[in-house]
Amino acid sequence: MTSKAAQVETIHIVDDDLDVRQALGSLLRSAGLHCQLHADSDSFLRAYDNLQPSCLLLDVRLVREDGLEVQEALSQQKIAIPVIIMTGHGDINMAIRGMKNGAIDFLLKPFTDEALLKAVEQAIDVSRSRIEILSFREKNLARWARLSPREQEVLRLGVHGLLNKQIAASLGIELVTVKVHRGRALRKLKVNTIAEVPAILAYIED
Amino acid sequence: MVHSRRWLGISALTATIFVLNSVPSLHDALAVLYLLVILVVARSENASEVLGIGCVCAVLALISFFLKHLGEPLSGAYVRLGVSEFAIGVTTLLSHREHATRALLSEQSVWLALTHDTVIIRDSKDIIIDWNEGASKLYGWSRAEALGKTSASLLQTEFHDTTGPDLVAGAFWEGVIKRRKRDGTLMTLTSRWRGRVSTHGGDGGIIELSADLTSELRARADQAKSEQRYKAIFDGAAVAIFEFTVSGTTREIALSAYNTAAARLFHAEDGGSISPFTDMKIDGHASFRHAVLYAVERNIRDELQGSIASDSSTLEREFLITVSPGYAFSGGSTVLVTVVDISEQNRTRRRIEQMQADLSHASRISALGQMTALIAHEVNQPLMATLAFARSGRRWLRRETPDMREVEMCLDGIVETGERAARVIEQVRLMSRKTVTERERLGLRTIVNEALEMLASECRRNGVRVENTLPRGAVWIIAARTQIHQVLVNVILNAVQAMAAMPAGPRVLTLEGGTDEARAENFVLIKDTGPGFAEPAVRSSFQPFLSSRQDGVGLGLSVCQTIMEAHDGRIEGYNLDSGGGCIKLRWPKA
């Protein structure tokens, strides 16, 4: 799990019951996972780092709040942490609501260590790929920003399938100038051909 | 005095005539003077006196004749005697007849004067010439005041619809007139008039008899008004009313009247026939006739419930029927029967009772549900933690290099959370024990009756007859009232529902009980005529969460058992030899 040394996976546990929190913490530690224990959602939000792979083990029945509402609030704030819902009641409606809101898994207390670890592993994988996408997007967004407006224009038209000649005609510039802009733009984006550009554009323009 | 002096005069006159008539020198024709005597006597009141005097005169004339002419040959003297005797006889007879007529007239006038009717005689110019006592009383004018006045000015006669009759002599008129009394009040009179023949043959005015109608008319109007009012009430009433007559001898009952609402009740508004005797069914009576006679013979107002057989409405209707004996008349009496449709009230009442029953059931269930959820959560949390600690500990041990410090922490966690779960359970137990403590001395029959009252509508709805043979007063138990209620209601409800599930047959709930001296116990038996317990069910009935009914919670008898044990009692179920189930509740003797 610790494939990249720079990134430490963190399992956030939000449960108002201290015993449960500590027991789960012990269990996850025994699997070599790093975890942080929280009695409520505020404590979690203060500790959350969106650049670190992480997941959230959330109890639906908290003292002052409803776990499902916490989950909904997170997705509204675009906090894209994978969530695992824990409950003491096998309420099917509650499970559906949680899964609709994008929960990774739904664990019915008391659950086995295997079930917990499997869910956590899955959630961390999701988190990791989300962070990869995120860093890919941020890297390319920065590169794209370094392009001049004319270079961006030339690339966009090229992505749409226009030939250099056509681009020159539509922008009212010389064919040579188009070729210069294009070559510089591809170098700045660190790509070899224009065929790689649509993928970058798809990530940065959503 | 006057009487005897008159007779003295008459005797002297008679004697003088006799002497003169007997003197031979005087003429025989003097005998005619006897006529004077007869005419004088004729004025007296006594008709027989006239006849007597006539005879005396005739005899005296005969004596005078014999004194003068005895022995003489037949001559003119005999003729004179005959003429005299004839004259005396005729005068006597005429006088006698005239006297009789006069006496009759005078009797009539006395009678007229005395009558309560008013008698007024007016001449042809409407001047009042006679006025009797009745007239004085009625009109307020005395005879002296009325005589000589015209009736028009004195009495201000108004005719009902004509200007008054113009009566010729002997003609007759009868009608209603209005007149004013002396004090001005107007009154209505019934009056009969006859045209008089005057003494000289022509129009002699009018003799009239009148009687006061005002009070009679008022009474009659009042009666009519009251009858109208009664009829309006009778016909307008929303309540169906029937009037029957009951014969005093044969006890035959006949329908004599009914109102519109009654016709509507039998769907006979447009004149169809009504047959209350065959169609009306009355609870507790063999027939409608029987119910009516029952009330009449005891002279009581009876309130009954019943139905109508010919009722075509889709919903079964129930009626409140009141039988009240009316008035008696020769040969029988009347009975009023009112019929009110009370089905809607009854339906509403039953609906409310059902809703209350459902509500109390629902609130019991929901309270139980909440309690269960609370306990489940409170126990589940530490249980969850215990298991997680245990699993974690196992993992730490299984690592290549077991981490004993972590294992120890896990074991501590297991102990702590286990203890926490135990504390929760202990608290629940304490809570339930607290409610058992308030106990009191309860009469067994009373508490059973209270439970039966709570279930009265349930029993009625399912047609269950309740027979309570528990002894009054004598048996006591020491227990928590509400908990014993809970047990009894549960057990009785089970019995009622078991019987309700049976398609047919009598549904009887029997409650027995008393003291079992040998075992020093008080007990109650709740017996039903239902299907009884299926053999395995006898045991499982008392297991929690097993219900034979769809909507049952399955806690009923299990809770009962808990409560009974908390009271050092027992609950047992078994089947009766006669079929049906029996639940026995036992408590130690108080």
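Across the interface of chain A and chain B in this predicted model, the rule finds five salt bridges; a salt bridge here is a side-chain nitrogen of Lys or Arg within 4 Å of a carboxyl oxygen of Asp or Glu. One salt bridge brings together the side chains of B:Arg394 and A:Asp113, at 4.0 Å from N to O. The interface also holds 11 residue pairs in polar contact, with both residues at pLDDT 80 or more. A polar contact is a pair of N or O atoms within 3.5 Å; within protein, one atom must be able to donate a hydrogen and the other to accept it, and residues adjacent in sequence count only if both atoms are side-chain atoms.

On the side of chain A that touches chain B, the elements giving two or more residues are helix H1 (18–30) and helix H5 (113–145). Helices (H or I, at least four residues) and strands (E, at least two) are DSSP runs, numbered from the N terminus. H1(A) has the largest share of that side, with nine residues. Sorted by kind, the residues of this side of chain A come out as eight nonpolar, seven polar and seven charged. In this sorting, Ala, Val, Leu, Ile, Met, Phe, Trp, Tyr, Cys and Pro count as nonpolar, Asp, Glu, Lys and Arg as charged, and the others, Gly among them, as polar.

How many residues of each chain are in contact with the other chain? For chain A it is 22 residues, and for chain B it is 20, where contact means heavy atoms within 4.5 Å. Between them the two chains bury about 1900 Å², 54% of it on carbon and sulfur atoms. Buried area is the accessible area (1.4 Å probe) that two parts lose on being put together, summed over both. A:Asp19, A:Ser30 and A:Pro110 supply 26% of the area that chain A buries against chain B, more than any other three residues. A:Pro110 has another feature too: a cis peptide bond joins A:Lys109 to A:Pro110, with omega about -10 degrees. A:Pro110 sits in the loop between S5 and H5 of chain A.

Now for the sheet of chain A. Five strands form an open sheet with parallel pairing, in the order S2-S1-S3-S4-S5; two strands pair if DSSP finds at least two bridges between them. Strand S2 (34–38) and strand S5 (105–108) of chain A are the edges, each pairing on one side only. From one strand to the next, the twist averages 20 degrees. Axes are lines fitted to C-alpha atoms, for helices over the stretch in contact, and angles run from 0 to 180 degrees between N-to-C directions. S1(A) and S2(A) share five bridges in the parallel sense, and A:Thr10 has A:His34 in S2(A) as its bridge partner. Helix H3 (residues 67–76) of chain A packs on this sheet, touching strand S3 (54–59) and strand S4 (83–87), with its direction at about 150 degrees to that of S3(A). H5(A) lies across S1, S3, S4 and S5 of chain A and runs at about 135 degrees to S3(A).

H5(A) also takes part in a salt bridge inside chain A. The side chains of A:Glu9 and A:Arg128 meet at 2.3 Å, N to O. A:Glu9 lies in the segment before strand S1 (10–14) of chain A and A:Arg128 in helix H5, so the pair ties together parts that are 119 residues apart in sequence. Over all chains, the salt bridge count comes to 31.

Chain B has an open sheet of six strands, ordered S8-S7-S12-S11-S10-S9, with antiparallel pairing. Its edge strands are strand S8 (253–258) and strand S9 (280–282), and the twist averages 35 degrees from one strand to the next. At one edge, S9(B) pairs with strand S10 (residues 302–308) over three bridges in the antiparallel sense, and B:Lys281 has B:Ser307 as its bridge partner. At the other edge, S7(B) and S8(B) pair over five antiparallel bridges, with B:Thr245 opposite B:Ala254. Their hairpin has five residues between the strands, and B:Arg251 takes a positive phi near 60 degrees there.

Residues are numbered from 1 along each chain as its sequence is written, while chains are lettered from A and ligands numbered from 1 in the order in which they are written. Local features need pLDDT of at least 70, side-chain atom pairs count only at pLDDT 80 or more, and totals for chains, interfaces and linings use all residues, with side-chain values using heavy atoms and leaving out hydrogens and water.
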